[in-house]
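Visitor: I would love a close look at one part of this protein, taken slowly. Could you start from a single residue and then widen the view?

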Amino acid sequence: MQQRRKGIYHAGGQFTRHRSLQRRERPLLKNYVGAIDQGTTSTRFMVFDRGARVVAVAQKEHEQIFPKAGWVEHDALEILRRTQEVIQEGLEQRGLRPSDLAAIGITNQRETTVVWERSSGRPVSNAIVWQDTRVASDVAQFTADGGQDRFRAQTGLPLSTYFSSLKLRWILENIPGAREKADAGELLFGNIDTFLLWNLTGGPAGGVHVTDVTNASRTQLLNLQTLEWDPKLRAAFEIPRAMLPEVRSSSEVYGEASLPAIAGVPISGILGDQQAALVGQACFRPGEVKNTYGTGCFLLMNTGERLVPSTFGLLTTVAYKMGVAPAHYALEGGVAIAGALVQWLRDNLGIIEKSADIETLARTVNDNGGVYFVPAFSGLYAPYWKENARGVIAGLTRFANKGHLARAVLEATAFQTREVVEAMEKDSHIALESLRVDGGMVGNELLMQFQADVLNREVVRPAVQETTALGAAYAAGLAVGFFGGLDELRANWAVERTWKPSLEETRREELHRQWKKAVTRSFDWIEN
């Protein structure tokens, strides 16, 4: 361990001083670091020790609100309550006190947009979730005036319903009084990370209005070169500057918690959920890749300090920025519907009772029986970016049964991942040797084997699978010296299981050819 001093440690164990850390001593007697993992369907609080072992975990779901077809909302105040509850429950599991925690990090569902009153903390509407497609007509309007990639050079992102910019604009245009209040400086904007941080550090009584570079890079308002809000982008989307949080690094002390359960604990790490998983998987070198199987499915490749523009339908985004060290960038391919398709099979069709039942049902058949499920419920993300695609089930015959449908649901995630991998290899000119995986679906061994088969590459599951929360804990711990540097974090990473491809090549390519054919059937279902 290096000499203990005030400041930040980052890549290679190099020490640098940061202005926000100059008076903070390395916490010699604190044994744990906490992480708030606020996801699309639930919120968790996890506590880790110095060896990245899970000490405590508490989790609660929140309501999914669907006011209209294509609209997806969350109650931000419910999310705040769930966050407070899981923090309390997690600490009580082990009898922990605030003085036991060196720091807390936040990781969050990205792009989900919240606008609230500066004076009261009350949101002006439900949060608009990243999956929501209500701004599709705005996407078409903006695209007509400059093309889908008109802002890609500055932001790394195409015009899409996915990102925060048009969601924020929609709130200002459609919620009565919102535009006037925003112009008067009475409203604040943030993704969920910012909303939670502001509330946990005092709310109306001095809450810190901050986001990190990874979340900011998903708003379509941040310039990737300067890592600052771009005035031209703000003007194009008609967003007042006073609404926007300060953009900071992913690992530094933003403020101290005021919630009694964690009073005085530094909140010192923020990472968007997919970037947090990249950090939790210790993918710190250029070319290292992880794939997270959650509500959606997101594959990120670290490209180092180099911005890599995509010509094959991927996103260029910020991977992380640890204190004053240079930002690292990533290529990302996002699949909108992965685990959410299993939930749909459970909740909408009632074919399974709980999500874990899908593997048992899928194993009742030897293959997909010619059935392919393209889950374009909110359009297609990478590499197609087709807002007007919709879900299709293709290849049905009287032979098909619910086992074939279950298998097609699982295979859809693997096929979509292969398409993202192929695009990523073309953009980066790096051949993927293996795929590090994490997320809720990686316990499904049938899916993991099929993923290896359809990719024709090894699929590797780490010993610690809660990599999203772990990444936030790492960022927070680095900021206060709880962890000594990236080499220490790499040493924590270990393999739990590896799947090797076993499918004959002609069969693999035939399955993929049929999948591609099914995908084309989903195109242009919605007519403008």
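Guide: Happily! Let's begin with L172, which has its place in helix 4. Keep in mind as we go that this is a predicted model. L172 has a relative accessibility of 2%, and because buried means under 20%, L172 counts as buried. What surrounds it? Setting aside the neighbours within four places in sequence, L172 is in contact with A178, R179, A182, E238, I239, P240 and M243. One of these partners deserves a second glance: A182 lies ten residues along the chain from L172, and the C-alpha atoms of the two are separated by 7.7 Å.

Helix 4 also leads us to helix 2. The buried residues of helix 2 pack against helix 4 (164–174), and against helix 8 (231–237) as well. Helix 2 itself covers residues 136–144, and its buried residues are D138, V139 and F142. Looking down the axis of helix 2, you find these buried residues within an arc of 105°, so they line one face of the helix. The background is simple: an α-helix has 3.6 residues a turn, so residues three or four places apart point the same way. On the other side of helix 2, S137 and A144 are exposed. After the helix comes G146, with a positive phi near 130°.

Now compare that with helix 6, residues 192–200. Helix 6 is mostly covered, with nine of its nine residues buried. The list runs I192, D193, T194, F195, L196, L197, W198, N199 and L200, so you will find D193, T194 and N199 among the buried residues. Just after helix 6, G202 has a positive phi of about 130°.

Strand 10, residues 187–190, is our next stop. In a regular strand the side chains alternate between the two faces of the sheet. Strand 10 is covered on both faces: L187 and F189 are buried on one side, while L188 and G190 are buried on the other. Its pairing with strand 8 (residues 114–117) is antiparallel and spans four bridges. To find your place in that pairing, look for E117, which stands opposite L187 in strand 10.

For a wider view, turn to the open sheet of seven strands, whose order is 19-20-18-17-23-24-25 with mixed pairing. At its edges are strand 19 (315–320) and strand 25 (495–499), each pairing on one side only. On average, neighbouring strands in this sheet are turned by 30° against each other, direction ignored. Strand 25 is joined to strand 24 (residues 458–462) by four bridges, and the two run antiparallel. There, R461 stands opposite R497 in strand 25.

Let's finish with a helix pair. Helix 12 (residues 402–428) packs on helix 16 (residues 505–522) at an angle of about 95°, with the axes 11 Å apart. That angle makes helix 12 roughly perpendicular to helix 16. Helix 12 brings A412, F415, Q416, R418, E419 and E422 to the contact, and helix 16 brings R508, E509, L511, H512, W515 and K516. Sorted by class, this contact has four nonpolar, two polar and six charged residues.

How values were computed. Residues are numbered from 1 along each chain as its sequence is written. This is a predicted model: local features need pLDDT of at least 70, side-chain atom pairs count only at pLDDT 80 or more; totals for chains, interfaces and linings use all residues. Side-chain values use heavy atoms; hydrogens and water are left out. Buried means under 20% relative accessible area, exposed over 50%, partly exposed in between (1.4 Å probe, protein chains only). The arc is that of the directions from the helix axis to the C-beta atoms. Contact means heavy atoms within 4.5 Å. Axes are lines fitted to C-alpha atoms, for helices over the stretch in contact, and angles run from 0 to 180 degrees between N-to-C directions. Angles under 35 degrees count as roughly parallel, over 145 as roughly antiparallel, 65 to 115 as roughly perpendicular and the rest as oblique. Ala, Val, Leu, Ile, Met, Phe, Trp, Tyr, Cys and Pro count as nonpolar, Asp, Glu, Lys and Arg as charged, and the others, Gly among them, as polar. Two strands pair if DSSP finds at least two bridges between them.
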